[in-house]
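Let's take a walk through this structure, going from a pair of helices to the pockets and then to a single residue. Keep the 3D view open as you read.

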Amino acid sequence: TISSMIAALLSVHLLTILQAREIALAAAVALGAIVGPAQVGARAIEMLISRFHHPIWTKFASTVFVATGVGLLWMGFPVVAAALIFYGAGIGIESIARGTLPLAVFGEHRYAAIMGRIAMPSLIGQAASPSLGALLIDRFGADIALATLFAVALLNVLLVAILFILLRRRAA
């Protein structure tokens with residue numbers, strides 16, 4: 001749900017955020033166009049290596065990449081393209097983890113029911129987050145919106161790390 005919210009918010013407000021960083025609209029559009037190829041590239045790499053690791057690694061990598069990208073963007077990293085490549089790679093492999101991790105954790109017999117239960121809060125979060133982002137940007141500015149998004153992304157990394165630990169204990 002958190003991953004979906006971050007992606008929905010940034011997909012709607014990325015150009016506004018980049019322009020608030022004093023990047024011209026044409027350059028912001030060009031930079032925003034980096035996200036899609038980063039998603040596809042990361043998915044291609046994940047498909048090549050996925051048989052060698054548990055899907056929790058994919059989920060962990062996705063949350064770390066998103067947090068890194070958002071954090072670099074918030075900190076004003078001078079190479080904005082690098083921040084957007086990390087972010088794009090993270091949301092790209094998130095789409096894989098979203099389907100493979102529940103299957104690995106809960107098995108195929110409960111998969112459809114689990115996916116249905118997971119979908120509802122995620123879809124609500126996706127629907128609400130662009131409005132929340134607009135409110136944050138309008139009231140506090142793009143910098144505070146990015147700082148908030150970074151904090152949420154770090155929380156997501158922490159939650160996935162806890163899930164990782166729980167899965168290791170269950171396997172032991």
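A bit of vocabulary comes before the pockets: Ala, Val, Leu, Ile, Met, Phe, Trp, Tyr, Cys and Pro count as nonpolar, Asp, Glu, Lys and Arg as charged, and the others, Gly among them, as polar. Bear in mind, too, that this is a predicted model.

With those classes in hand, look at the largest pocket. Its lining has 14 nonpolar, six polar and four charged residues. The space inside comes to about 600 Å³. There are 24 lining residues, and the closest to the pocket's centre are Thr1, Lys59, Leu101, Pro102 and Ile118. Which helices supply the wall, with at least two residues each? They are α1, α5 (80-106), α6 and α7 (142-171). Of these, α6 gives the most, with eight residues.

Now move to the second largest pocket, with a volume of about 160 Å³. Ile2, Met5, Ile6, Leu9, Ser129, Leu132, Gly133, Leu136, Thr148, Leu149 and Val152 line it. Here the elements giving two or more residues are α1, α6 and α7. Sorted by class, this lining splits into eight nonpolar, three polar and no charged residues.

Since α1 and α6 turn up in both linings, their packing deserves a look. Two packed helices are described by the angle between their axes and the distance between the axes. For helix α1 (residues 2-20) and helix α6 (residues 111-140), the angle is about 35 degrees and the axes are 7 Å apart. The crossing of α1 past α6 is right-handed. On the α1 side, the contact is made by Ser4, Met5, Ala8, Leu9, Val12, His13, Thr16 and Ile17. Facing them in α6 are Ser122, Gly125, Gln126, Ser129, Pro130, Gly133, Ala134 and Ile137. By class, this contact has eight nonpolar, eight polar and no charged residues.

Finally, zoom in on Leu31, a residue of helix α2 (residues 25-32). Is Leu31 buried or exposed? Leu31 counts as buried because its relative accessibility is 17%, and the cut-off for buried is under 20%. Setting aside neighbours within four places in sequence, Leu31 is in contact with Leu18, Ile23, Val80, Ala81 and Leu84. You can also check a distance from here: Ala89 sits 58 residues away from Leu31 along the chain, and their C-alpha atoms are separated by 14 Å.

Key:
Residues numbered from 1 in each chain as written. Predicted model: local features only at pLDDT ≥ 70, side-chain atom pairs only at ≥ 80, totals over all residues. Heavy atoms only, no water. Axes fitted to C-alpha atoms, helices over the stretch in contact; angles between N-to-C directions. Helix = DSSP H or I, 4+ residues; strand = E, 2+ residues; numbered from the N terminus. Left-handed = near helix turned anticlockwise from the far one by under 90°. Contact = heavy atoms within 4.5 Å. 1 Å grid on protein atoms, 1.4 Å probe; cavity = no way out; pocket = protein on both sides within 12 Å on 5 of 7 lines; lining within 4 Å. Points joined across faces, edges and corners; volume = space filled by probe spheres on them. Buried < 20%, exposed > 50% of the residue type's maximum accessible area, 1.4 Å probe, protein only.
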